[in-house]
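Take a moment with the sequence and the model before reading on. The report below then goes through the structure part by part.

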Amino acid sequence: MKTLAFTKIWVRNARVWHSHILATLIGNLGQPFLFLIAMGYGLGRDVGPINGLSYLQFIAPGLVASSVMYAAAFETTFGSYTRLAMQKSYEAILMTPLTVTDLVLGEVAWGASKGLISALIMVAALPLFGVWPSWWALGLLPLLLVAGIFFAALGLIMTALAGNYEFFNYFISLVLTPLFLFSGIFFPLDTLAPPARFLFSLLPLSPVVDLARMLTYGRFEGPLFLKIVIPVMVTLATVWLARLLLQRRLIQ
Amino acid sequence: MTPLRAVSGRVPSMQTESSPQDQPLASPAGTGAPHVVVVEGLSKYFGDRLAINDISFAIRPGECVGFLGPNGAGKSTAIHILLGLVRRSSGTIRLLGAEVPKHHQEVKAKIGVVPQIDSLDPDLSVEENLLTYAGYFNIPRRQARHKADELLAFFALENRRQEIITHLSGGQRRRLLLARALINEPQLLILDEPTVGLDPQSRHLMWERLDILRQQGTTMLLTSHYMEEVARLSNRVLILDRGEIVAQGDPEELITEMVGTEVFEVEGTDAELDRLAAEFSQCDATLERASGKLYIYTQEDCTRLVHLLGEQRTWLRRPSNLEDLFIHLTGRSLRES
């Protein structure tokens, strides 16, 4: 049972979430849905099809991926930092048999869960916009879970380094917003000039957007193996780093 | 030079009177059990700053040890080291018979902590706070519910069960923190300023409950800046200053030995106080002058000199107390650097 100790942290966070479920769902889903309407419906009418997809169809899977990013990263920055610095929850938890590793796994699992919940609600709502996913879309589940773990761990790294809430403005402006704009959600990367294409394809959200689009419509192309293995490796390394930095922050 | 006393806690008299059928809130200490805490040669550096300098102490089952010291003396650091929240620089620690930090996970299952800073989950209800915390100890759900009921009754929080923490008063929150610390039936209870910021009513209620726990044989380590609290609850005190233990032992004995039996506090002009000081040297007493006051700590009965004080505007005669000992050992100047 010891290896599952982190689920206790997950349960704790789920209990708290339960008490203000509506506010967090609107917070997490508002932005991607508004973008879907403004860009997909508003702008999309004047944009021609891309790779045989309407513009709305083109951007929908990427926006689902971005909702995972935002929900997971916000949970482990603003949410986790509140637990760390304001509510002293981490200190309370570390006075019990739970360890920093349990804490990190629990927080990351929770952040990833919130990301997944947001994404699933978005996917379920896509038919309202005339976007019908294929059966392959079931494959989104593991993909978005890995993406959720990655962005939750990335957020937790920021929390381990943060001295105050303002610190997260850097994270949002310099990391999340560029990822949102340049990871191939709104325009295809493969038609860009090679240097830009290379640069943008290195962004951690890019393979997620790419795979999400393939899975949503069941159309696969390109070297899939690396697109799967590399993000998984990077995700594991990110969790490891989050644990290291949080350990350093919590145990002097 | 302050005398350092050997570890000599007296066994609490009530310990043998609580029977196992009483359903004690915390496990009573077994008789003849080894020390609950043994710290030897513990030191801690934060960078170049020596926060704890080679301290050694031990706590026996059933003892309540008061851990005193000015702000910054190293009390909280020492407690955090015991709990593995701060790494030691050197020294050995045994808690409940096991070496730490090596066995911290097992040991922490048997320790309860009331932290200095409130760390309740503000969005959860009173009951959910207890059940969530029980989960961290992997206590089965049914057992946790049963224990939570018992603790809520004991701490007069029964009718607040479904209340969100932000709606509780300061006293209720502190009682809930203590209840939470007992959810795992700890063999060692660590209380870091448990009544800080409470009104007298709430403080007395906390003391009553802590006294019951102590009588049931719960081993406690208590830090506080309220000397009355420590004097009431502790069988033994450890006084820490600048990272070193400057005295340890039975508080009454320490006070008599190091301060005296009675204290006269006299206000007056410098000339008056000089004259009084000279007169009181006929009696076995220690004198101290601080901010326009003369303090006379008597080591024998100085009643025969009391008439000398009659002319002074303001004077006070009282038994010596723990605060006098504390000031005697750690001085009157502020310590925050």
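## A covered helix in chain B

A residue is called buried if 20 or more other C-beta atoms lie within 10 Å of its own; with 12 or fewer it is exposed, and in between it is partly exposed. Keep that rule in mind. This model is predicted.

Now look at helix α3 of chain B, residues 126-136. The helix is mostly covered, with 10 of its 11 residues buried. The buried residues of α3(B) are B:Val126, B:Glu128, B:Asn129, B:Leu130, B:Leu131, B:Thr132, B:Tyr133, B:Ala134, B:Gly135 and B:Tyr136.

What do the buried residues of α3(B) pack against? Their partners come from both chains. Chain A offers α1 and α4. Chain B itself offers α4 (141-154) and α5. After α3(B) comes B:Asn138, which has a positive phi near 60 degrees.

## Where the chains meet

The contact between the chains draws on 21 residues of chain A and 21 residues of chain B. On the chain A side, two elements give two or more residues each: α1 (6-19) and α4 (89-94). The biggest giver is α1(A), with 6 residues.

How do the residues on the chain A side divide? There are 10 nonpolar, 6 polar and 5 charged residues.

## Chain A: helices and no strands

Chain A has 10 helices and 0 strands. Read from the N terminus, its elements therefore run α-α-α-α-α-α-α-α-α-α.

What about its overall dimensions? The C-alpha trace of chain A spans about 60 × 40 × 35 Å along its principal axes. A compact globule of 252 residues would have a radius of gyration near 18 Å. Chain A has 18 Å, so the two agree.

Of the 252 residues in chain A, 48% count as buried. Sequence separation tells another part of the story. Take the contacts in chain A with a separation of 6 or more: 82% of them are between residues 24 or more positions apart.

## Two domains in chain B

The domain assignment splits chain B into domain 1 (22-245) and domain 2 (256-330). Their centres, taken over C-alpha atoms, are 38 Å apart. The two domains do touch: 7 residues of domain 1 of chain B are in contact with 6 residues of domain 2 of chain B.

Which elements supply the domain 1 side of this contact? In chain B, α7 (227-233) and β9 (236-241) each supply at least two residues. The most come from α7(B), with 3 residues. The domain 1 side divides into 6 nonpolar, no polar and 1 charged.

## A four-stranded sheet

Chain B holds an open sheet of 4 strands. The strand order is β12-β13-β11-β14, and the pairing is antiparallel. Which strands form the edges? They are β12 (285-290) and β14 (314-319) of chain B, each of which pairs on one side only. From one strand to the next, the twist averages 15 degrees.

Look at one pair in detail. Strand β11 of chain B, residues 262-267, pairs with β14(B) over 6 bridges in the antiparallel sense. One of the residues to find is B:Glu265, whose bridge partner in β14(B) is B:Leu316.

## Backbone details in the loops

Some backbone angles deserve a second look. The peptide bond from B:Val100 to B:Pro101 is cis, with omega near 10 degrees. B:Pro101 sits in the loop between β5 (98-100) and α2 (104-108) of chain B.

Next comes positive phi. A:Asn51 is not a glycine, yet its phi is positive, at about 50 degrees. Its place is the loop between α2 (21-43) and α3 (55-86) of chain A. Is A:Asn51 exposed, partly exposed or buried? A:Asn51 counts as partly exposed, because it has 13 C-beta neighbours inside 10 Å.

B:Glu185 is another residue other than glycine with a positive phi, here near 45 degrees. B:Glu185 lies in the loop between α5 (170-181) and β7 (188-192) of chain B. With 16 other C-beta atoms within 10 Å, B:Glu185 is partly exposed.

Note on methods:
Residues numbered from 1 in each chain as written. Chains lettered and ligands numbered in written order. Predicted model: local features only at pLDDT ≥ 70, side-chain atom pairs only at ≥ 80, totals over all residues. Nonpolar A, V, L, I, M, F, W, Y, C, P; charged D, E, K, R; others polar. Pairing = 2+ DSSP bridges. Axes fitted to C-alpha atoms, helices over the stretch in contact; angles between N-to-C directions. Domains from an automatic or database assignment. Rg over C-alpha atoms; globule rule 2.2 N^0.38 Å.
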